[in-house]
Amino acid sequence: MTPTILLSDLSLKSLKSVLVVADTNNVTRAAEQLSRSQTAISKAIQGVEQKIGQPLFDRSPTGMSLTPAGEMLVVGIKEAMQQLQSAADAYCQLVVDDASVKTNPVF
């Protein structure tokens, strides 16, 4: 049976933490980039790992590297973030277009 992971179980902030740690291979640098504490980043990653039931990173004194499961998840997170950004861009364009068409009459 394939495990089910609900999107509602994973926060965008946690997923962003995973992405930045994957890019930097380092919790300290990720925390600096995200303006969060190292503890918050570590807890976010541990929470995602717990919810998916697999480690995302191999941890060593020199840094963190993605496991095969982590690599797969990062690809999916990047795709999802791109789709969210596209939706946000479309919404912003809709608001701009709508505002230029609908004007309130001035009395």
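How many salt bridges does the structure hold? The structure, which is a predicted model, holds one salt bridge, and the points below place that pair within the rest of the chain.

1. Overall layout. The chain has four helices and two strands, and, when read along the sequence, these elements follow the pattern α-α-α-β-β-α. Of the 107 residues in the chain, buried residues make up 26%. The chain exposes about 7,800 Å², and carbon and sulfur atoms supply 57% of that area. When contacts between residues at least 6 apart in sequence are considered, 43% of them join residues at least 24 apart.

2. The salt bridge. The partners are glutamate 49 and arginine 59, whose side chains meet at 2.9 Å, taken from N to O. Because glutamate 49 lies in helix 3 and arginine 59 in strand 1, the pair ties together parts that are ten residues apart in sequence. The two partners can also be described by their accessibility: glutamate 49 is buried, with a relative accessible area of 12%, whereas arginine 59 counts as partly exposed, at 45% relative accessibility. As a general background to such a pair, side chains of opposite charge can pair when their charged atoms come close.

3. The strands. Strand 1, which covers residues 57–60, and strand 2, which covers residues 63–66, pair in the antiparallel sense over four bridges. A hairpin of two residues joins strand 1 to strand 2. Within this pairing, phenylalanine 57 has leucine 66 of strand 2 as its bridge partner.

4. The nonpolar core. Phenylalanine 57 appears again in the largest nonpolar core, which has 20 residues and in which the residues with the most contacts are Val18, Val21, Ile41, Val48, Leu56 and Phe57. Helix 1 (12–24), helix 2 (27–34), helix 3 (38–52) and helix 4 each supply at least two residues of this core, and helix 1 gives the most to it, with six residues. It is a general tendency in soluble globular proteins that nonpolar side chains are buried together.

5. Valine 21 as an example. When residues up to four places away in sequence are not counted, valine 21 touches Asn26, Val27, Ala30, Ile41, Ile45, Phe57 and Met64. Two of the residues in that list, Ile41 and Phe57, are also among those with the most contacts inside the largest nonpolar core, as is Val21 itself.

6. A nonpolar patch on the surface. Tyr91, Leu94 and Val95 make a nonpolar surface patch of about 320 Å². Tyrosine 91 has its place in helix 4, which runs over residues 68–101. The relative accessible area of tyrosine 91 is 55%, so this residue counts as exposed, the cut-off for that class being over 50%.

7. Two loop residues with positive phi. Asparagine 25, found in the loop between helix 1 and helix 2, has a positive phi of about 60° although it is not a glycine. Serine 35, found in the loop between helix 2 and helix 3, is likewise a residue other than glycine with a positive phi, here near 55°. Are these loop residues exposed or partly exposed? Asparagine 25 is partly exposed, with a relative accessible area of 36%, while serine 35 is exposed, with a relative accessible area of 69%.

Methods. Residues are numbered from 1 along each chain as its sequence is written. This is a predicted model: local features need pLDDT of at least 70, side-chain atom pairs count only at pLDDT 80 or more; totals for chains, interfaces and linings use all residues. Side-chain values use heavy atoms; hydrogens and water are left out. Patches are made of residues with over 30% relative accessible area and no salt bridge: like charges are joined within 9 Å, nonpolar side chains (Val, Leu, Ile, Met, Phe, Trp, Tyr) within 5 Å. Accessible areas come from the Shrake-Rupley method with a 1.4 Å probe; for residues, only the protein chains shown count as cover. A salt bridge is a side-chain nitrogen of Lys or Arg within 4 Å of a carboxyl oxygen of Asp or Glu. Buried means under 20% relative accessible area, exposed over 50%, partly exposed in between (1.4 Å probe, protein chains only). Two strands pair if DSSP finds at least two bridges between them. A nonpolar core is a set of buried Ala, Val, Leu, Ile, Met, Phe, Trp, Tyr and Cys residues joined through side-chain atoms within 4.5 Å. Contact means heavy atoms within 4.5 Å.
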